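Here is an explanation of how some of the helices in this protein pack, and of what lines one of its pockets. Please keep the sequence and the 3D view at hand while reading.

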Amino acid sequence: RIPWLEGYSKAATSGGWSPTSVELVGLSLIAGGKAEEAIAMLDAAVARYPEDPWLQVVLGNALHHAKQGRAALRCFAAAVALQPESAMLRVHLGDAFIRAGRTERAMPEYERAIELDPKLVRGYVGIALVHLDARQFDAMVPVLEQAVEADPEDTIPHWLLGDAYIHLEQFVAAEQSLERAVELAPHNAAAWRRLGELHLYYTRRYDDAAKAYDEAVILRPLSGQSWRDLGASCMWAGRYDEALKALGEAEALVPDDVLVAVYTGRTHWFRQDFASAYPYLKRALAAGSTQIPPGYDELAKRLGALQPNLGAMRRGEYEPKTPREWVDFGDLFYEIKEYAASTRAYRKGYALDPSIPVVPAKGRRYNAACAAALAGSGEGTDANGLTADERRGFRDQARTWLEAELLVLRRQLANGQLTKPAFEAWMKHWLGDKDLTGVRDEGGLALDESEREAWAGLWTEVRGAAK
């Protein structure tokens with residue numbers, strides 16, 4: 001709100017003020033959130049100065065802010081009718097058509113504006129926006145290059161070029177354009193955000209994304225979305241404490257943003273703080289998020305409950321009380337990358353009760369098989385000290401579990417519990433799962449002939465099923 005404006009609109013409408021002064025007061029009222037007051041003042045001014053096109057433009061802007069789109073469009077059209085050779089008035093009318101969703105009417109106005117003034121960047125930008133609305137990204141590039149040629153120091157063409165190049169998956173060119181945009185307008189938070197989005201979602205250079213979002217939140221500290229994406233960038237960069245700090249700021253600003261819950265839950269999970277992850281994962285799933293696999297909230301809850309006994313379990317001072325708890329410890333050791341301990345826990349739980357499913361249910365033995373394959377390949381923080389015979393035993397266990405899982409999946413396919421496309425998708429997942437790289441027949445492990453033949457037989461069956 002702008003205190004000095006109080007009463008100015010009455011003075012402006014009482015007579016004696018020039019159209020320019022009225023326009024300035026009108027723009028200030030709009031900026032101060034007083035669109036209705038601006039409309040009343042400008043209506044009176046237009047009646048007094050009916051030949052002034054810029055009063056029509058300011059009135060059109062006030063009507064737009066008051067959500068009176070049709071009336072606004074009539075004002076911009078009236079302005080062009082008063083001064084049809086004005087390139088800038090044509091641009092304003094084109095912008096009004098875009099806001100009204102009538103992009104087919106906007107294009108001729110922008111094209112005429114450029115005919116009248118070939119150096120008018122806003123005309124080229126308008127044409128680019130029409131192409132953007134039609135998702136004609138390749139058509140945006142030459143138009144925006146003309147805009148840059150017309151005025152190399154204007155930020156907007158560089159920014160929109162970056163956007164076009166992102167859609168065209170030309171990420172090097174996108175980065176160059178967006179870097180130029182923030183160089184020209186270092187105080188433009190939106191430009192920094194777009195540069196951050198490029199690195200967060202496309203180049204996956206998460207540290208660079210965090211730098212861009214850092215600038216954005218400095219410039220707009222009340223933007224919950226910028227804080228959220230800064231947190232996501234830090235999370236993927238492995239900077240978990242910074243991620244949680246940024247996500248905490250986001251949660252305070254946008255408490256209902258589902259992605260804040262997703263990223264906070266994931267960050268706690270990556271820090272192996274499963275108890276803290278649980279409420280955020282639960283909230284994300286309750287809100288319908290598809291970014292968290294179903295059941296992971298309950299898995300986090302169970303793993304968090306087990307963690308206080310983890311040290312004693314490692315030292316042999318604690319033994320799970322039920323088959324289910326053994327399997328849960330298998331899940332816990334798997335998540336903290338102790339694959340040998342995970343396999344032993346799974347093996348114990350399934351030996352006591354073979355009917356226990358793995359949760360979340362990727363398959364009855366699939367997670368356990370992955371842990372055993374990783375341990376047998378020498379992976380995991382507890383792999384040091386494993387003998388060759390122990391690793392061979394883990395690989396044999398992995399194959400046994402996979403063969404059992406394949407048998408169950410084939411039975412489900414035969415009795416209609418599983419569709420053929422779903423079955424084939426599972427087989428393709430097995431063929432691409434990084435956890436099984438070491439035991440696939442192209443994995444490169446030095447296996448003896450009998451073991452190599454056994455694994456080759458399994459993978460030949462899986463490849464046949466995936467086709």
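The paragraphs below take three helix pairs and one pocket in turn, in a model that is predicted.

Start towards the N terminus, with helix 4 (residues 53-65) and helix 5 (residues 69-82). Their axes lie 8 Å apart, and the packing angle is about 165°. Angles over 145 degrees count as roughly antiparallel, and helix 4 and helix 5 are therefore roughly antiparallel to each other. The two helices cross in a left-handed sense. On the side of helix 4, the contact consists of Pro-53, Gln-56, Val-57, Leu-59, Gly-60, Asn-61, Leu-63 and His-64, which meet Ala-71, Ala-72, Cys-75, Phe-76, Ala-78, Ala-79 and Leu-82 of helix 5. By class, eleven residues of this contact are nonpolar, four are polar and none is charged.

Next comes the pair formed by helix 16 (residues 258-270) and helix 17 (residues 274-286), with an angle of about 155° and axes 8 Å apart. Helix 16 and helix 17 are therefore also described as roughly antiparallel to each other, and their crossing is left-handed. Helix 16 contributes Val-258, Ala-261, Val-262, Thr-264, Gly-265, Arg-266, His-268 and Trp-269 to the contact, while helix 17 contributes Phe-274, Ser-276, Ala-277, Tyr-280, Leu-281, Arg-283 and Ala-284. Here the residues divide into nine nonpolar, four polar and two charged.

The third pair is helix 21 (residues 339-352) and helix 23 (residues 388-414). Their axes come within 11 Å and cross at roughly 50°, which makes helix 21 oblique to helix 23. The crossing of this pair is left-handed. From helix 21, Ala-340, Thr-343, Arg-344, Tyr-346, Arg-347 and Tyr-350 take part, and from helix 23, Glu-390, Gly-393, Phe-394, Gln-397 and Trp-401. Sorted by class, the contact has five nonpolar, three polar and three charged residues.

Turn now from helix contacts to empty space. Which residues line the second largest pocket? The lining is made of Leu-200, Tyr-201, Arg-204, Tyr-206, Ala-232, Trp-236 and Tyr-263. This pocket has a volume of about 170 Å³. Two elements, helix 12 (189-203) and helix 14 (224-236), each give two or more residues to the lining. Six of the lining residues are nonpolar, none is polar and one is charged.

Technical notes:
Residues are numbered from 1 along each chain as its sequence is written. This is a predicted model: local features need pLDDT of at least 70, side-chain atom pairs count only at pLDDT 80 or more; totals for chains, interfaces and linings use all residues. Side-chain values use heavy atoms; hydrogens and water are left out. Axes are lines fitted to C-alpha atoms, for helices over the stretch in contact, and angles run from 0 to 180 degrees between N-to-C directions. Helices (H or I, at least four residues) and strands (E, at least two) are DSSP runs, numbered from the N terminus. Angles under 35 degrees count as roughly parallel, over 145 as roughly antiparallel, 65 to 115 as roughly perpendicular and the rest as oblique. A crossing is left-handed if the near helix is turned anticlockwise from the far one by less than a right angle, and right-handed if clockwise. Contact means heavy atoms within 4.5 Å. Ala, Val, Leu, Ile, Met, Phe, Trp, Tyr, Cys and Pro count as nonpolar, Asp, Glu, Lys and Arg as charged, and the others, Gly among them, as polar. On a 1 Å grid over the protein atoms alone, a cavity is a set of points where a 1.4 Å probe fits but cannot get out, and a pocket is an open set with protein on both sides within 12 Å along at least five of seven lines; lining residues have an atom within 4 Å of a point. Grid points are joined across faces, edges and corners, and a volume is the space filled by probe spheres set on the points.
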